[in-house]
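Me: I would like a close look at one part of this model. Please take it slowly and explain each term as you use it.

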Amino acid sequence: MKQKNTSSKTSILKSIGPGFLLAGAAIGVSHLVQATRAGADYGFILIWVLIIACISKYPFLEFGPRLAAGTGNHLITGYKKLGKFPYWIYILITIGNMFIIQAAVTIVTAGLAERLFNFGWSPFLWSGIILIACIALLLIGKYPGLDKSMKVIVTLLTFATLAAVIMAFGAGTVNDALTTESPSLWTTASLGFIIAFMGWMPIPLDASVWHSIWTKEKAVQNKQKISVKGAFADFNVGYLSAAFIGLLFFLLGVLVMFGSGTSFSSNSVEFSSQLVELYGKTLGEWSKPLISVAAFVTMLSTVLTVTDAYPRVISELKNPEKEKPEDKKEKWKIYRISIFIIPVLSLSILYFLSGSFTILVDFAAGLSFLSAPFLAWFNYKLVTGKQMPEKHRPGKNYRVFSLICFALLVVFNFVYLYYTFLS
């Protein structure tokens with residue numbers, strides 16, 4: 001019995017990896033920009049939005065690796081088997097999101113790179129350098145290189161951010177944050193920001209597809225099938241880490257910036273400088289290098305995983321269920337082409353919009369949230385339907401919880417559309 005338990009634990013540990021990639025993709029603009037802005041502009045009052053966003057997306061993101069472990073297929077294969085409507089809706093969502101998301105995460109990283117290294121380079125030049133570096137790492141190191149990099153980056157980031165939050169509490173700003181009046185939430189601007197905040201907190205729902213692909217790839221690297229139990233443990237490591245770090249950045253925004261009277265710049269380099277300077281004023285000059293490094297590592301991890309995720313998705317769209325050697329060669333060829341085309345088109349967006357990165361971020365995040373109910377429903381149908389072995393389907397209580405989460409996503413969408421177009 002003891003040997004069996006040891007073997008089970010070893011199997012679960014071998015499954016750990018895709019969850020770190022999910023965390024690496026999640027801990028980026030949603031945390032550094034959106035969570036910090038939420039805390040800075042609204043104080044503690046928006047903490048309930050953060051919690052609802054993380055809870056309501058949980059089951060639908062977990063269904064991705066569950067399906068991959070339970071059936072050996074990722075979600076794209078599932079969507080295609082589910083019918084033309086889910087398959088083509090997902091393709092449209094992907095095409096509508098990928099260039100803007102790649103551009104948004106890259107420009108924020110570029111601003112932080114210039115703030116950290118101070119070379120006097122433009123955000124556009126930094127964006128190109130960062131993308132080239134990520135592409136090189138992915139083509140040379142492939143999945144194992146990405147897997148190992150994310151484990152180091154996410155672990156480093158967690159400790160660095162936690163240290164910064166503890167120091168912020170020690171600075172004695174909690175009372176000020178609690179007594180400062182928050183702005184109204186029932187305005188078009190506030191609701192628009194709340195939806196944008198929820199759209200990427202802790203990560204867009206289309207990341208469930210990325211996670212399912214990474215889970216399948218992990219099984220290939222391990223040369224053995226990943227158990228549903230192992231995939232569930234891996235998902236929780238990544239998702240809960242992302243949610244926890246999102247809370248930390250939110251608290252930093254509240255404790256350091258709320259009530260300071262400073263408005264954020266729409267320029268990525270200036271935004272990064274404002275962010276670091278405000279931390280330095282409250283926590284001390286010594287904290288600036290810590291915040292700069294933590295923020296840069298946060299965004300670099302996001303760019304790296306996003307640069308990998310979308311080419312993987314594109315390579316799987318044509319024949320997701322085919323696994324013959326010639327099919328794998330064709331998919332790898334499409335991946336290599338896509339990993340250049342997507343960043344190039346994203347750079348063209350940055351060329352024209354690099355000075356208004358917060359608008360770019362809010363637009364992309366809002367688009368992600370509006371598409372969330374579609375993907376949530378498709379994922380639910382897959383793991384509760386015939387494609388999924390009965391023993392791996394969610395239990396009754398989990399299904400009820402999932403439907404409540406789905407209802408929340410739908411309600412917030414209707415509220416946003418009403419206040420945007422009818423109020």
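Where is phenylalanine 119 found, and what surrounds that part?

Reply: This is a predicted model, in which local features need pLDDT of at least 70 and side-chain atom pairs count only at pLDDT 80 or more, while totals for chains, interfaces and linings use all residues. Residues are numbered from 1 along each chain as its sequence is written, and side-chain values use heavy atoms, leaving out hydrogens and water.

Phenylalanine 119 is found in the loop between α6 (84-117) and α7 (123-170), where helices are DSSP runs (H or I, at least four residues) numbered from the N terminus. Phenylalanine 119 counts as partly exposed because its relative accessibility is 47%, between buried (under 20%) and exposed (over 50%), with a 1.4 Å probe and protein chains only. Together with Phe117, Trp121, Leu125 and Ile129, Phe119 forms a nonpolar patch on the surface, with about 440 Å² of accessible area in total; such patches take residues with over 30% relative accessible area and no salt bridge, joining nonpolar side chains within 5 Å, and a salt bridge is a Lys or Arg side-chain nitrogen within 4 Å of an Asp or Glu carboxyl oxygen. The area comes from the Shrake-Rupley method with a 1.4 Å probe.

Turning to the interior, the largest nonpolar core (buried nonpolar residues joined through side-chain atoms within 4.5 Å) has 120 residues, of which Leu46, Val209 and Trp210 touch the most other members. α6 supplies the largest share of this core, 17 residues. Beyond its neighbours within four places in sequence, tryptophan 210 is in contact with Ala25, Val306, Ala309, Tyr310 and Val313, contact being heavy atoms within 4.5 Å.

How values were computed. Patch = residues over 30% accessible without salt bridge, like charges linked within 9 Å, V, L, I, M, F, W, Y side chains within 5 Å. Helix = DSSP H or I, 4+ residues; strand = E, 2+ residues; numbered from the N terminus.
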